[in-house]
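Happy to walk through this one with you. Here is the model, followed by a few questions about what its labels rest on.

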Amino acid sequence: MQTRVLGANDLADIVTAVGLDRLLDELIEALVHALDDHDEEVLVTPDRDGFHYEKPDLGLLEWMPSMELGRAVAIKTVGYHPTNPVQRGIPSVLASTALYDTATGELVVLAEATLLTALRTGVASAVATDILARDGEVAVGVIGAGAQAVTQVHAISRVRPLSRVLAADASAANAESLGERLAFLGVPVEAVDAERLVGQVDVLCTCTSVDPGQGPVVPDVEHRPWLHVNAVGADFAGKVELPRALLDRALVCPDVRSQCIAEGECQQLPVDAIGPDLTQLVKHRARYDVHRSTTTVFDSTGWSLEDLVAVEVVAAHAERLGIGALIDLRPDGSDPYDPYALIRRRVGW
Ligand SMILES: NC(=O)c1ccc[n+]([C@@H]2O[C@H](COP(=O)([O-])OP(=O)(O)OC[C@H]3O[C@@H](n4cnc5c(N)ncnc54)[C@H](O)[C@@H]3O)[C@@H](O)[C@H]2O)c1
């Protein structure tokens, strides 16, 4: 078996062939399906782990493993370095995913996963929004108008019609430029301050790179009673985006309970105040219909299951379309008991 390598150009080729909207719809459907069927004995997602450091700048490198028993293992490595865009001109979040065959341990796919991470993070918010946000057309607000904001708004547009988008950011340039980045949606996008924004939206996505200890970024001002928040940015100990008072008014739904207690908005809550997780929301969605008229929060810290789903969807398209370079990372298999076999032949022992 050769390894299929999917770089940014290959992913763009897949998007061109499939269509960006259709790919998002497929990812939404695949995630809902994975959650509906979720059985922890079959879909195994050990806690992520990694290195967190403050030098040369605050950052982390983590590995996020997931396994579908008897079939596939995906391991995403993801870096978060919030000074990257301004200091180095590269994204804050950089990722790659390796997909293995569990029958043999062979590396099947190695994929650029910065785009996949943004897509699957938007998709998780879309799934939560579809269950918890009010029906009909919605005004969406984003606080933190960086990379994740683009896929948050795009993915939400696949589950609700959008009336308009309001954007707030510590960087006026980023808030102003979101309109250009989302122009393809054909929805008005306006940069406003966070105080004005919160009172005027039905769905709010927070995706800032605020430093640990510097939050919240959402002002505690009056909002619509049915406000649904996708809190995406808090994924680091000490980092929060929402005011405690808003959490206290809301049904708070973590993606991964233990992770959200350690790194998400749930850091601020007693454990017994935390609501159903994303799997429970999807499995029992009718039960949560009543919350479409109340305040709700999806506490998104990012789940390795979402990465497995995303890489499998694009890997299937890549194989069908013949996209991606096939490279040979296999060992010499001429004698499985002799790691020196190839060298022996080369040097003529
Ligand atoms: N939940 C998940 O699965 C998931 C996935 C990817 C990224 N994230 C997190 O989402 C956050 C955003 O990621 P990104 O890739 O969009 O980063 P980014 O660097 O592209 O954008 C972050 C934006 O936040 C703005 N910002 C920083 N501090 C702010 C503040 N106090 N108020 C308002 N705006 C502020 C920045 O100016 C920037 O525009 C990061 O914390 C990242 O770790 C979460």
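**Sheet, core and domains**

In this predicted model, seven strands make an open, parallel-paired sheet with the order E10-E9-E8-E11-E12-E14-E13.

Q: What makes strand E10 (189-191) and strand E13 (251-254) edge strands of the sheet?
A: Each has a single partner strand, so one side of each is left without a neighbour in the sheet.

Q: How do you know that strand E9 (residues 162-168) and E10 pair?
A: Pairing needs at least two bridges, and three bridges join E9 to E10. The two strands therefore count as a pair, and they run parallel. Leu166 stands opposite Glu190 in E10.

Q: Which strands does helix H6 (residues 172-181) touch as it packs on the sheet?
A: H6 touches E9 and E10, and its direction makes about 175 degrees with that of E10.

Q: Why is the largest nonpolar core said to lie between domain 1 (3-116 + 304-340) and domain 2 (132-299)?
A: Both domains give residues to this core, so it lies between them. The core has 99 residues, and Leu27 and Val123 are among those with the most contacts inside it. Helix H4 (residues 114-132) supplies the largest share, 11 residues.

Q: What makes Leu27 a contact of Val123?
A: A contact requires C-beta atoms within 7 Å. Val123 touches Leu27, as well as Leu24, Ile28, Leu31, Ala155 and Glu306, leaving aside residues up to four places away in sequence.

Q: How far apart are the centres of domain 1 and domain 2?
A: Taken over C-alpha atoms, 25 Å separate them. The contact takes 14 residues from domain 1 and 13 residues from domain 2.

Definitions and conventions
Residues are numbered from 1 along each chain as its sequence is written. This is a predicted model: local features need pLDDT of at least 70, side-chain atom pairs count only at pLDDT 80 or more; totals for chains, interfaces and linings use all residues. Domain bounds come from an automatic or database domain assignment. Two residues are in contact if their C-beta atoms, placed from the backbone, lie within 7 Å. A nonpolar core is a set of buried Ala, Val, Leu, Ile, Met, Phe, Trp, Tyr and Cys residues joined through C-beta atoms within 7 Å. A residue is buried if 20 or more other C-beta atoms lie within 10 Å of its own, exposed if 12 or fewer, and partly exposed in between; C-beta atoms are placed from the backbone. Helices (H or I, at least four residues) and strands (E, at least two) are DSSP runs, numbered from the N terminus. Axes are lines fitted to C-alpha atoms, for helices over the stretch in contact, and angles run from 0 to 180 degrees between N-to-C directions.
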